[in-house]
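Trainee: I should like to learn how to read a protein chain as a folded object. May we work through this one together, question by question?

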Amino acid sequence: MASMRDIKRRKESIQSTQQITKAMKLVSTVKLQKARTRAESAKPYFQKMYDTVQSILSKSGNIEHPYLTFNGSEKKAVIVVTSNRGLAGGYNNNIVKLVADSGLPKESVEIYGIGKKGIESFERRGYYIASDDSNIINEPLFSDAVEIGRKVLDAYAAGEIGEIYLAYTGFKNTVVHTPEFIKLLPVEVKAEEEGEKKSQAPMNYEPEAEESLDLLIPKYINSIIYGAFIEAVASENGARMQAMDAATSNAEEMISTLSLAYNRARQGAITQELTEIISGAEALN
């Protein structure tokens with residue numbers, strides 16, 4: 001059995017850790033309130049952007065455009081949004097696992113990393129890291145999304161990559177965060193919209209279709225990337241708040257257990273001391 005001193009030291013250590021987890025939970029809660037408001041207010045816009053582009057393309061017929069057709073490259077760019085810090089439960093691991101289980105051959109994947117934790121995990125798994133922009137996720141701006149979009153679109157236009165994907169954690173509410181894996185390029189029209197084409201009037205472009213799509217699709221991609229950043233920040237803080245809350249509760253249980261063990265050890269020591277005193281007194285008699 002552990003001594004009273006060992007139990008006391010262990011209890012003090014856990015109490016110190018509990019203070020840290022409480023503080024981290026409080027910080028994450030404050031950050032989550034701001035990030036959640038931002039994500040919930042912005043989500044309708046990004047969803048509408050996605051639906052609108054899908055609707056436009058579903059009515060456009062067989063348009064030949066670089067963003068809509070395969071360019072011949074077997075390389076696949078995956079923009080991966082994770083965090084720069086851990087202690088957020090399975091937040092980062094869920095995204096890494098999602099990409100690893102996506103069916104894309106590892107040797108053909110190029111990771112455009114947003115977040116140190118994701119980059120570190122993919123490096124350990126042997127993935128090629130094409131870009132590291134981890135600082136973006138601390139305070140993401142739309143200009144950051146534009147820069148990432150420019151990188152992947154330039155690589156796509158040069159034929160260096162043939163497909164572009166985005167992996168991030170979608171924010172549903174404070175406790176529900178869902179890993180998402182979507183294809184950005186070549187743009188694919190939803191199957192249900194394809195079936196409705198026959199009953200829809202064709203889309204007329206002004207200016208010409210190619211010029212219009214040159215402007216529309218980059219804006220569409222940049223908006224989706226920025227939306228992913230906003231939802232990921234909210235999800236990260238929600239996940240960390242939950243993880244720290246669970247850690248604080250576990251620490252409380254351990255402290256209670258150690259307190260009982262300490263009391264038992266103390267009672268045992270007192271009993272042992274009384275036994276020795278009584279035995280000594282009897283020996284003197």
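**Reading the fold**

Trainee: In which loop is Pro186 found?
Mentor: Please keep in mind that this model is predicted. Pro186 is joined to Leu185 by the peptide bond that we shall discuss next. As for its place, Pro186 is found in the loop between β5 and α5 (191-194).

Trainee: Is the peptide bond from Leu185 to Pro186 cis or trans?
Mentor: Most peptide bonds are trans, and most residues other than glycine have a negative phi. For the bond from Leu185 to Pro186, omega is near -10°. With that value, the bond is cis.

Trainee: How many helices and strands are there in the protein?
Mentor: From the N terminus on, the elements run α-β-α-β-α-β-α-β-β-α-α. Counting each kind of element gives six helices and five strands.

Trainee: Among contacts between residues at least 6 apart in sequence, what percentage join residues at least 24 apart?
Mentor: One pair that is distant in sequence is Lys22 and Ser249, 227 residues apart along the chain, whose C-alpha atoms are separated by 9.6 Å. Lys22 is found in helix α1, and at 46% relative accessibility it counts as partly exposed. Over the whole protein, the share of these contacts that join residues at least 24 apart is 77%.

**The nonpolar cores**

Trainee: Which element gives the largest share of the largest nonpolar core?
Mentor: In soluble globular proteins, nonpolar side chains tend to be buried together. In this protein, buried residues make up 41% of the 285 residues, and the largest nonpolar core has 48 residues, with Ile79, Ile164, Leu185 and Phe229 making the most contacts inside it. The elements that give two or more residues to this core include α1 (4-58), β1 (76-81), β4 (163-171) and α6 (209-284). The largest share, 15 residues, comes from α6.

Trainee: Leaving aside its neighbours within four places in sequence, which residues is Ile164 in contact with?
Mentor: Ile164 is one of the residues with the most contacts inside the largest core. Leaving aside its neighbours within four places in sequence, Ile164 is in contact with Ala77, Ile79, Val152, Leu153, Tyr156, Ile182, Lys183, Leu184 and Leu185.

Trainee: How many residues are in the second, separate core?
Mentor: This core includes Ile95, Ile111, Ile119 and Ile129. Ile95 is one of the buried residues of helix α2, and Ile119 is one of those of α3. The number of residues in the second core is 14.

**Two helices that meet**

Trainee: Why are the buried residues of α2 on the same side of the helix?
Mentor: An α-helix has 3.6 residues a turn, so residues three or four places apart point the same way. In helix α2 (residues 91-100), the buried residues are Tyr91, Asn92, Ile95, Val96 and Val99. They are on the same side of α2 because they cover an arc around the axis of only 130°.

Trainee: Which elements do the buried residues of α3 pack against?
Mentor: In α3, Gly118, Ile119, Ser121 and Phe122 are buried. They cover an arc of only 165° around the axis, which puts them on the same side of α3. The buried residues of α3 pack against β1, α2, β2 and β3 (128-132).

Trainee: Is the crossing of α2 and α3 left-handed or right-handed?
Mentor: The axes of α2 and helix α3 (residues 116-124) come within 9 Å and cross at roughly 45°, and the two helices are therefore oblique to each other. The contact is made by Asn92, Val96 and Val99 of α2 and by Lys117, Gly118, Ser121 and Phe122 of α3. The crossing is right-handed.

**Loops and a buried lysine**

Trainee: Is Leu87 buried or exposed?
Mentor: Leu87 is placed in the loop between β1 and α2. Its phi is near 55°, a positive value in a residue other than glycine. Because its relative accessible area is 54%, and the cut-off for this class is over 50%, Leu87 is classed as exposed.

Trainee: Is Lys76 buried or exposed?
Mentor: Lys76 lies in strand β1. Among its contacts beyond its neighbours within four places in sequence are Leu104, Pro105, Glu110 and Glu163. Its relative accessibility is 11%, and under 20% is the cut-off, so Lys76 counts as buried.

Key. Residues numbered from 1 in each chain as written. Predicted model: local features only at pLDDT ≥ 70, side-chain atom pairs only at ≥ 80, totals over all residues. Heavy atoms only, no water. Core = buried A, V, L, I, M, F, W, Y, C linked by side-chain atoms within 4.5 Å. Buried < 20%, exposed > 50% of the residue type's maximum accessible area, 1.4 Å probe, protein only. Helix = DSSP H or I, 4+ residues; strand = E, 2+ residues; numbered from the N terminus. Contact = heavy atoms within 4.5 Å. Arc of directions from axis to C-beta. Axes fitted to C-alpha atoms, helices over the stretch in contact; angles between N-to-C directions. Parallel < 35°, antiparallel > 145°, perpendicular 65-115°, else oblique. Left-handed = near helix turned anticlockwise from the far one by under 90°.
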